[in-house]
Amino acid sequence: MKFSKDVASVDDLIARRKKEQKKKRMNRFLVVLSLLAFTAASSFGLYIYFTSPTSSIRAVLISGNQIYSDEAILKRSGIAYDDRFLAVNAATLRKRLVDDLLIQDAVVRLTKNNEIVIQIRENDVTAIWMDQGKVVLADGSLLVMQVDYAKAWLFSPGIYGYEDEGSLAELVRALNGLTASSLGNVSEIHRHPTSYDENYVKVIMQDGNRVFTGLSTLDMLEEYPRIVNALNTANSCIFFDEMTRTAFSQPCEN
């Protein structure tokens, strides 16, 4: 049998296949080597980054909090200044904050300067239930008093004489009709039942005056500065008349 010169011999085919396989192995080796080099370089780069001061949180900027201190917010966020900035997840951080009953909402942003910006909106505090040692929120929720709630004393009155949540709820509804500035004029509220109104209250004002009123006229405290000026009283007892919605004063018995 006679073969054409154009037909490769078996030895040539074997040699060619070996050459191609060798080339493929070399290409795979180069790819693996490149991946190893990239991984090593990336790992080294991350190591350098995470061990350098530039990887840490530069600042935590907190705003909107009135009762909680910045330190209390930071504690509830679960982060610390020596944490790595890239490890911080804004959504996770926000969830930790809004899980707190005093915090109504929180906005968390991460900036390019390794700063964490936290904007807090707290639930409104109506009063401090002194008989039970609890903070009363505007929605009726009750929080056991703790050190972190201390600032609530600055603008929330203490309420006394309420043994159960049912009787307390009516007072809270009436107080929620007052503005924050009017509520800030109040120091204490004592349940002062009478023969005709078991929910009658004695309100001790920040200026020392005492106001006696039913819950239906408690909203007249909005006009308290004007009423005091009109009555020209100091350390006196002021009564709100529910029928006429007028105020009058008389010397206190004690």
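This presentation describes the fold of one protein chain, beginning with the whole and then turning to its parts.

Good morning. Please keep in mind throughout that the structure before you is a predicted model. The chain contains 6 helices and 12 strands. Of its 254 residues, 34% are buried. The exposed surface amounts to about 16,000 Å², and carbon and sulfur atoms supply 55% of that area. Consider also the contacts between residues with a separation of 6 or more: 49% of them join residues 24 or more positions apart.

Let us begin with strands 1, 2 and 3. As general background, the strands of a sheet pair through backbone hydrogen bonds, and they may do so in a parallel or an antiparallel manner. Both manners appear here around strand 3. Strand 1, residues 59-63, runs parallel to strand 3 and is joined to it by 5 bridges. Within that pair, S63 stands opposite Q119 of strand 3. Strand 2, residues 103-110, pairs with strand 3 in the antiparallel sense, over 7 bridges. Here A106 is the residue opposite I120 of strand 3. Strands 2 and 3 form a hairpin with 4 residues between them, and in this hairpin N114 has a positive phi near 60 degrees.

How many residues of strand 3 are buried? The count is 6 of the 8 residues in strand 3, which spans 115-122, and the strand is therefore largely enclosed by the rest of the structure.

A brief word on helix 2, which covers residues 70-77 and includes S77. The relative accessibility of S77 is 0%, so this serine counts as buried. Leaving aside residues up to four places away in sequence, S77 touches L93, R96 and L97.

We now come to the open sheet. It is formed by 9 strands in the order 6-5-4-7-8-9-10-11-12, and its pairing is mixed. The edge strands are strand 6, residues 142-144, and strand 12, each of which pairs on one side only. On average, neighbouring strands of this sheet are turned by 25 degrees against each other, direction ignored. At one edge, strand 5, residues 134-137, pairs with strand 6 in the antiparallel sense over 3 bridges. V136 has L142, in strand 6, as its bridge partner.

Two helices that pack on this sheet deserve attention. Helix 4, residues 165-175, touches strands 4, 5, 6, 7, 8 and 9, and its direction makes about 145 degrees with that of strand 4. Helix 6 touches strands 9, 10, 11 and 12, and its direction makes about 115 degrees with that of strand 11. Strand 9 is thus touched by helix 4 and by helix 6.

Let us look at helix 6 in detail. Which of its residues are buried? Within this helix, residues 224-231, they are Y224, I227 and V228. Seen down the helix axis, the buried residues fall within an arc of 95 degrees, so they line one face of helix 6. The face turned away from that side carries the exposed residues R226, N229 and A230. The cover over the buried residues includes strands 9, 10, 11 and 12. Just after the helix, N232 takes a positive phi of about 55 degrees.

Strand 9 spans residues 201-205, and V201 is located there. Is V201 buried or exposed? Its relative accessible area is 0%, so V201 is buried. Not counting residues up to four places away in sequence, V201 touches a list of residues that includes Y162, L171, I189, V211, F212 and L218. L215 is also among the residues touched by V201. V201 and L215 are 14 residues apart along the chain, and their C-alpha atoms are separated by 7.5 Å.

Finally, we turn to the disulfide. The structure holds 1 disulfide, formed by C237 and C252, whose sulfur atoms are 2.0 Å apart. Why is this disulfide described as right-handed? The torsion about the S-S bond of C237 and C252 is about 120 degrees, and the disulfide is therefore right-handed. C237 lies in strand 11, residues 237-241, whereas C252 lies in the segment after strand 12, residues 246-250, so the pair ties together parts that are 15 residues apart in sequence. C237 counts as buried because its relative accessibility is 4%, and the cut-off for that word is under 20%.

Thank you for your attention.

Note on methods. Residues are numbered from 1 along each chain as its sequence is written. This is a predicted model: local features need pLDDT of at least 70, side-chain atom pairs count only at pLDDT 80 or more; totals for chains, interfaces and linings use all residues. Side-chain values use heavy atoms; hydrogens and water are left out. A disulfide is a pair of cysteine sulfur atoms within 2.5 Å. Buried means under 20% relative accessible area, exposed over 50%, partly exposed in between (1.4 Å probe, protein chains only). Contact means heavy atoms within 4.5 Å. The arc is that of the directions from the helix axis to the C-beta atoms. Two strands pair if DSSP finds at least two bridges between them. Axes are lines fitted to C-alpha atoms, for helices over the stretch in contact, and angles run from 0 to 180 degrees between N-to-C directions. Accessible areas come from the Shrake-Rupley method with a 1.4 Å probe; for residues, only the protein chains shown count as cover.
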